[in-house]
Amino acid sequence: MIRRVIEIDQDACIGCGLCVSACHEGAIALINGKAQLVRDDYCDGLGDCLPACPVDAISFVEREAAAYDEAAVQAHLERQG
């Protein structure tokens, strides 16, 4: 399905992690010092992470992506504590 998700510019990302904290679904993680969207189905497309990024490395794109899975997000968040 084509839907709106975030995209993180790896060249611009400074690895501060502010977007990770701003993402209430757990869709973003720091990997090798850079923020990455780790699960399309965790990204709700609302963009709470965008204003958290101090270098504007995050934007919306419309692309083929798994549907948002609220049940999977809830299970993930419960595992995280």
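## The second largest cavity

The second largest cavity has a volume of about 70 Å³, in a model that is predicted. Its lining is made up of 13 residues, and those nearest the centre of this cavity are Cys13, Cys16, Cys19, Ala35 and Cys53. By class, the lining of the second largest cavity holds eleven nonpolar and two polar residues, with no charged residue among them.

One of the residues near the centre of this cavity, Cys16, belongs to the loop between β1 and α1. Cys16 has a relative accessible area of 42%, and it is therefore classed as partly exposed, since that class lies between the 20% limit for buried and the 50% limit for exposed. Leu30 stands 14 residues from Cys16 in sequence, and the C-alpha atoms of the two are 8.7 Å apart in space.

## The largest cavity

Two cavities of 30 Å³ or more are present in the structure, and the largest of them encloses about 90 Å³ of space. This largest cavity is lined by 15 residues, with Cys23, Glu25, Asp44, Gly47 and Cys49 closest to its centre. Its lining comprises ten nonpolar residues, two polar residues and three charged residues, whereas the lining of the second largest cavity has no charged residues.

Cys23, one of the residues closest to the centre of the largest cavity, is located in the loop between α1 (18-22) and β2. Cys23 has a relative accessible area of 13% and counts as buried, because that class takes in values under 20%. Along the chain Cys23 and Asp48 are 25 residues apart, while in space their C-alpha atoms are separated by 6.2 Å.

## The nonpolar core

The largest nonpolar core contains 19 residues, and the members that touch the most others are Ile6, Ile8, Cys19, Ile28, Ala35, Cys49 and Ile58. Two or more residues of this core come from each of β1 (2-8), β4 and α2 (70-80), and β1 provides the largest share, with three residues.

Cys19 offers a view of how this core is connected. Leaving aside residues up to four places away in sequence, Cys19 is in contact with Ile28, Ala35, Cys49, Ala52 and Ile58. Cys19 and Ala35 also lie among the residues nearest the centre of the second largest cavity, and Cys49 is listed among the residues closest to the centre of the largest cavity.

## Salt bridges

Which side chains form the two salt bridges of the structure? In one of them, the side chains of Asp40 and Arg63 meet at 2.8 Å, taken from N to O. Asp40 is in the loop between β3 (34-37) and β4 (58-64), while Arg63 is in strand β4, so this pair ties together parts that are 23 residues apart in sequence. Both partners are partly exposed, with a relative accessible area of 22% for Asp40 and of 29% for Arg63.

The other salt bridge joins the side chains of Arg39 and Asp41, with an N to O distance of 2.7 Å. Here the two partners fall into separate classes of accessibility: Arg39 is partly exposed, at a relative accessible area of 34%, but Asp41, at 11%, counts as buried.

## Positive phi angles in two loops

Most residues other than glycine have a negative phi. Against that background, Asn32 may be noted, with a positive phi near 55 degrees in a residue that is not glycine. Asn32 is placed in the loop between β2 (28-31) and β3, and at 78% relative accessibility it counts as exposed.

Asp56 is another residue other than glycine with a positive phi, in this case near 50 degrees. Asp56 is placed in the loop between β3 and β4, and with a relative accessible area of 66% it is exposed. Although Asp56 and Cys13 are 43 residues apart in sequence, their C-alpha atoms lie 8.2 Å apart in space, and Cys13 is itself among the residues nearest the centre of the second largest cavity.

Key. Residues are numbered from 1 along each chain as its sequence is written. This is a predicted model: local features need pLDDT of at least 70, side-chain atom pairs count only at pLDDT 80 or more; totals for chains, interfaces and linings use all residues. Side-chain values use heavy atoms; hydrogens and water are left out. On a 1 Å grid over the protein atoms alone, a cavity is a set of points where a 1.4 Å probe fits but cannot get out, and a pocket is an open set with protein on both sides within 12 Å along at least five of seven lines; lining residues have an atom within 4 Å of a point. Grid points are joined across faces, edges and corners, and a volume is the space filled by probe spheres set on the points. Ala, Val, Leu, Ile, Met, Phe, Trp, Tyr, Cys and Pro count as nonpolar, Asp, Glu, Lys and Arg as charged, and the others, Gly among them, as polar. A salt bridge is a side-chain nitrogen of Lys or Arg within 4 Å of a carboxyl oxygen of Asp or Glu. Buried means under 20% relative accessible area, exposed over 50%, partly exposed in between (1.4 Å probe, protein chains only). Helices (H or I, at least four residues) and strands (E, at least two) are DSSP runs, numbered from the N terminus. A nonpolar core is a set of buried Ala, Val, Leu, Ile, Met, Phe, Trp, Tyr and Cys residues joined through side-chain atoms within 4.5 Å. Contact means heavy atoms within 4.5 Å.
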